[in-house]
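Good morning, colleagues. I should like to take you through a few packing features of the structure on the screen.

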Protein chains: 2
Amino acid sequence: MASHKVTLLPSKTTTEAATGSLISEAILKAGLEISQPCGGQGRCGRCAVIAEGDGARRRSTIRLSPDDLKAGYALACQTVIEGDLVVTIPEQEQIVRRLVTDKTARVVETPFAYDPTTHQSVQVFQINLQPPSLQDNLDDQSRLEKSLADMGYTPLDIPLSALRQMGTALREAEWSPWVVLETQSPGTGPARLIDVSPDPVVPFGLALDIGTTTVTAFLVDLATGQVMNSAGEYNGQIARGEDVISRIIYASKNDGLADLGKMVRETIHTLLERLRKRTGISPEQIHKVTVAGNTTMIHLFLGLPPASIRLTPYIPTVNFPQTYLAEELHLGVHPQASVICLPGVASYVGADISAGVLASGLAAAEDLTLFIDVGTNGETVLGTRDWMVACACSAGPAFEGAGVVDGMRATIGAIEEVWIHSNSYEPTIRVIGDGPPRGLCGSGLISLLAEMFATGVVDRAGRVKLDLNTPRVRQGEHGPEYVVAWGDETETGRDVALTTVDVENLMRAKAAIYAGFSVLSTNVGVELADVKQVLIGGAFGKYINVENAIKIGLLPDLPWDRFQFLGNTSVLGSYMALLSREEHEQIRDIAKRMTYIELSADNTFFEAFTAALFLPHTEIDRFPSVVEVWEKNNQE
Amino acid sequence: MASHKVTLLPSKTTTEAATGSLISEAILKAGLEISQPCGGQGRCGRCAVIAEGDGARRRSTIRLSPDDLKAGYALACQTVIEGDLVVTIPEQEQIVRRLVTDKTARVVETPFAYDPTTHQSVQVFQINLQPPSLQDNLDDQSRLEKSLADMGYTPLDIPLSALRQMGTALREAEWSPWVVLETQSPGTGPARLIDVSPDPVVPFGLALDIGTTTVTAFLVDLATGQVMNSAGEYNGQIARGEDVISRIIYASKNDGLADLGKMVRETIHTLLERLRKRTGISPEQIHKVTVAGNTTMIHLFLGLPPASIRLTPYIPTVNFPQTYLAEELHLGVHPQASVICLPGVASYVGADISAGVLASGLAAAEDLTLFIDVGTNGETVLGTRDWMVACACSAGPAFEGAGVVDGMRATIGAIEEVWIHSNSYEPTIRVIGDGPPRGLCGSGLISLLAEMFATGVVDRAGRVKLDLNTPRVRQGEHGPEYVVAWGDETETGRDVALTTVDVENLMRAKAAIYAGFSVLSTNVGVELADVKQVLIGGAFGKYINVENAIKIGLLPDLPWDRFQFLGNTSVLGSYMALLSREEHEQIRDIAKRMTYIELSADNTFFEAFTAALFLPHTEIDRFPSVVEVWEKNNQE
């Protein structure tokens with residue numbers, strides 16, 4: 001097969017590509033990054049590159065304008081190489097790695113009075129063995145087993161890798177080794193050998209939350225229960241698709257599953273290295289790992305094909321994974337460390353939600369409580385300590401900046417809050433990093449839409465009104481739009497605007513979330529107004545303005561003091577399970593008890609969704625506080 | 001560091017070697033074989049090569065004669081490369097691969113009435129699962145667990161690799177998969193998932209005996225219990241040392257442990273491929289493996305450092321290994337197949353003896369029974385079904401042809417039986433393969449020594465008498481000797497002889513074995529004369545002539561009908577454990593019940609050994625049948 005030279009700019013990297021291969025493949029082969037949020041489906045247009053030379057055959061140009069094509073643009077995932085090429089990867093498409101959650105190590109309180117001897121499954125102690133002799137020639141393993149059985153730990157499961165080190169370690173320790181065990185109950189019962197060491201061992205643990213977007217890690221001293229340090233990083237899988245569906249599609253191609261597994265491991269290893277630099281604690285000192293994450297993330301982490309998650313009836317391979325060893329998962333901590341993937345409820349209500357329900361306190365709540373993880377899947381749980389119903393409402397990634405022309409993630413240059421003057425319609429904006437804006441992140445979109453609605457820039461159906469006396473509203477390339485930043489103020493030189501199409505996408509997202517908890521409340525026969533607390537999880541949830549979110553009908557119209565923004569409840573639940581067998585058991589219990597309602601099988605969902613496709617809602621009396629403000633504004 | 005060109009003849013292979021590296025390393029690096037029976041210690045002289053050029057610095061020449069040195073000989077393991085070299089590897093040192101045990105597939109009877117449903121731990125059956133739906137969205141793992149729990153198999157241990165295939169297999173099977181389980185008791189209790197398959201599964205098993213010299217494999221149909229085929233092959237580790245001590249030394253060098261592990265796996269894979277060709281059954285169809293072997297072989301197979309086996313107080317890492325998965329051991333059968341290494345008693349009484357004690361019938365014997373594995377370690381067990389004592393008497397490899405000038409293994413060209421004319425002292429010989437002789441194998445040595453003793457060529461102290469009227473006795477290069485084949489009859493052109501030094505080595509070996517069971521009988525207060533049956537195991541044991549063995553005092557002087565030669569009892573025990581949980585448990589019970597007597601800690605052993613250093617023994621009245629013949633001969 002013929003081979004062609006592909007030169008990649010601006011890095012000036014060259015690579016060889018076979019006839020028929022894709023530009024995206026050539027870029028990855030050269031070790032460079034290309035964003036493919038839709039998973040290489042040609043749907044999102046994010047992988048647009050400039051391809052010069054005759055060797056580019058564009059299979060699909062659906063996301064490119066005639067002007068784009070004239071300028072040489074091509075979708076990397078849809079363009080076949082048939083000759084030598086020079087490809088320019090536009091800078092704005094390269095992934096900016098900056099995390100708001102990783103500015104400094106956060107102080108995390110130990111969530112309960114931690115007693116390592118009763119709560120912790122990892123037990124460390126020194127034992128004194130009788131040295132062997134010609135008269136007492138018991139083998140090493142039996143000698144150790146006997147001593148631990150005398151202490152109550154029997155039977156003892158010994159992984160091969162632990163056995164391989166045993167003889168040397170016992171002799172270096174002069175028969176008084178330190179022993180690290182994974183135990184099942186305090187001070188007795190079956191146990192697994194994690195390590196035998198001649199040197200004193202201080203056990204550490206790692207609590208992980210593998211988010212679709214961000215991976216968060218807490219490094220924990222298992223002797224004290226304290227979080228030594230925490231770190232967060234974009235999930236490296238983002239380069240292969242921004243949402244779970246794109247990743248599932250990617251996972252089913254060739255080596256996609258292995259590739260995604262490698263990427264998330266690399267992200268975790270990056271975090272481990274950062275934690276090592278900050279604390280001096282090496283990954284080999286980590287003897288236990290707990291993992292929260294949505295069902296797809298857990299499947300990819302475990303190397304399980306996720307295809308069935310996406311196909312009706314949406315069945316995952318596993319909701320309650322067994323415990324595996326770090327070495328089996330090629331995770332660079334202590335090889336015999338337990339890796340405990342927390343349990344999920346269903347394909348779209350995963351371990352992140354089980355963990356979040358524990359960490360948020362819903363599982364212990366006496367009063368009616370609503371827990372929402374605002375994000376792509378919009379997982380929602382309604383209940384008390386006695387009962388819980390859950391659903392996922394496929395909100396889509398609009399609040400994460402996808403599906404919106406000028407949407408972006410919450411990184412430098414993102415507009416995170418907007419205020420519109422109700423007479424002049426002139427906006428005031430706050431930008432992450434305080435530099436020139438590049439686009440709008442989730443909280444910025446909610447804020448902007450709320451302001452546009454409050455000031456009458458859009459009507460209740462979400463249509464931008466073109467008859468206002470301001471150049472900010474106009475008929476743009478994509479239809480009616482409101483310009484929130486002129487090109488001369490922005491980083492890119494292009495106007496940043498919100499179009500009617502964007503608003504429709506945002507409204508579909510918020511309607512899905514609202515319909516989700518509406519259906520839950522209808523199903524169990526309670527009124528939303530009776531909800532005594534609304535607990536909002538997810539890193540994104542921390543930055544939402546309640547007033548704005550109610551204004552657009554994303555959150556129910558309840559007194560503001562009933563809302564709590566808890567941040568990443570998934571990693572907190574993972575941390576609790578890391579500390580304590582009982583908390584881990586609690587999460588298992590929560591996952592078992594939660595009743596999952598599959599919205600696609602519930603015929604009231606579509607009705608509720610359609611009713612919510614208005615600002616704030618078709619049934620306006622559900623939002624008395626909004627009516628008040630809106631009527632006041634429109635009277636002026 | 002400077003690099004030199006090393007040309008290897010007769011293969012004309014060239015390789016680069018750094019200054020200071022050994023010729024043996026260069027040979028191995030070039031992918032060629034070099035025999036190092038002593039493990040590269042410079043003790044055995046078997047790695048002698050001809051080194052031409054100035055670049056060879058001989059560190060030790062202890063095994064080379066002045067004539068050898070003149071001819072350019074060097075010990076490959078003791079010669080440092082300091083310049084370009086031409087190295088000739090003599091043909092007689094290359095390992096001849098021919099196995100008497102692998103001529104044809106032997107017919108092995110199933111040793112008991114086999115019922116797979118009650119005896120076999122591997123259970124295979126088809127189950128019918130309810131397909132999932134939107135109303136019944138249980139995950140795949142829970143659906144399978146629930147169905148198997150309903151049948152009594154719970155909890156279910158699911159290896160990661162089995163989980164990774166589960167989703168696809170269940171769907172391809174349209175929810176009626178074949179399930180393969182490793183179970184702990186018939187029809188109920190905890191189980192481990194080996195496989196979920198859309199296609200019908202017939203389970204197969206592999207019973208292995210990993211001998212220091214030979215690896216033997218039985219391929220078994222677990223549905224019927226029948227041996228489909230068997231195969232044997234030299235253990236590939238032989239190239240790194242002929243006895244366990246040499247291999248332990250080699251294992252402690254650099255990558256020695258990994259290298260030996262790889263070699264024995266390659267041998268097993270060779271056998272699997274041969275079995276596949278003969279039966280059409282692929283290694284992936286093997287769902288269970290049992291392994292017998294001495295303690296060092298089991299350690300090397302499991303990748304455990306064996307160093308402590310060789311150092312007082314001779315403690316192995318493990319006598320009772322837990323069950324591991326084939327994939328953990330990189331064994332090319334079904335990845336989730338159980339690999340069950342049978343239990344041993346001590347460093348020098350291993351799983352081969354526990355298995356042999358079961359297969360030989362000693363463990364069920366009502367009468368006093370002696371079980372001997374005649375070989376390097378001379379493991380001996382004395383007892384009945386009620387009690388057993390065991391020892392290993394370090395006979396050394398003399399009976400395997402090492403430590404004897406013209407000794408060799410039982411391959412083509414080995415003299416296996418000798419008869420000496422009592423007047424002319426002229427010998428008649430039988431040679432394996434019926435060609436010209438090259439040396440003497442174990443049975444040939446026993447036969448020759450017995451004949452030399454019977455005809456008065458040696459006296460009772462083992463000294464060759466030079467005053468006989470025959471050119472066959474002479475003062476040779478190594479002292480007094482008897483020439484069993486003249487150079488013009490042999491393959492090498494050199495005389496084949498047995499020297500007084502050789503005889504001393506053989507006498508030490510037979511004395512050690514005799515002293516071993518003497519000490520056992522003294523320890524438990526029984527007379528050797530009361531032994532009702534002598535069971536002789538080991539492939540070598542099959543070829544011993546009882547009369548000759550008694551004549552030299554290797555075996556006790558009992559009526560010949562009390563002796564049974566059972567062949568490889570180790571692989572038979574492995575086969576029995578493969579078939580049945582109860583037989584496996586029996587072997588565990590045997591290993592636990594056997595009382596090990598460490599001869600180096602027993603002060604009667606040295607006395608018994610010294611007393612046995614005569615032909616047939618210092619206390620001649622222990623051998624009445626020999627006295628009779630000997631006195632008759634000497635009267636003539």
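**Sheet, helix pair and cores**

What we have here is a predicted model. I begin in chain B, where an open sheet of 3 strands follows the order S22-S21-S23 with mixed pairing. Strands S22 (427-431) and S23 (439-440) of chain B lie at the edges and have a single partner strand each, so one side of each is left without a neighbour in the sheet. Strand S21 of chain B, residues 414-420, runs antiparallel to S22(B), and 5 bridges join the two. Within that pairing, Val418(B) is opposite Ile429(B) of S22(B). Helix H11 of chain B, residues 442-454, packs on the sheet, where it touches S21 and S23 of chain B. The direction of H11 makes about 15° with that of S21(B).

Let me turn to a helix pair in chain A. How do H10 (residues 351-360) and H15 (residues 581-593) of chain A cross? Their axes come within 9 Å, at an angle of roughly 115°, and the crossing is right-handed. From H10(A), Ser354(A), Ala355(A), Val357(A) and Leu358(A) meet residues of H15(A) that include Ile587(A) and Ile590(A). This contact comprises 6 nonpolar, 2 polar and 1 charged residues.

Finally, the cores. The largest nonpolar core contains 88 residues, and Leu193(A), Phe301(B) and Val357(B) have the most contacts inside it. Helix H7 of chain B, residues 256-279, supplies the largest share of this core, 8 residues. Leaving aside residues up to four places away in sequence, Val357(B) touches several residues, among them Phe371(B), Met388(B) and Met594(B). Another core, of 87 residues, lies apart from that one and includes Ile210(A), Phe320(A) and Ala191(B).

Technical notes:
Residues numbered from 1 in each chain as written. Chains lettered and ligands numbered in written order. Predicted model: local features only at pLDDT ≥ 70, side-chain atom pairs only at ≥ 80, totals over all residues. Heavy atoms only, no water. Pairing = 2+ DSSP bridges. Helix = DSSP H or I, 4+ residues; strand = E, 2+ residues; numbered from the N terminus. Contact = heavy atoms within 4.5 Å. Axes fitted to C-alpha atoms, helices over the stretch in contact; angles between N-to-C directions. Left-handed = near helix turned anticlockwise from the far one by under 90°. Nonpolar A, V, L, I, M, F, W, Y, C, P; charged D, E, K, R; others polar. Core = buried A, V, L, I, M, F, W, Y, C linked by side-chain atoms within 4.5 Å. Buried < 20%, exposed > 50% of the residue type's maximum accessible area, 1.4 Å probe, protein only.
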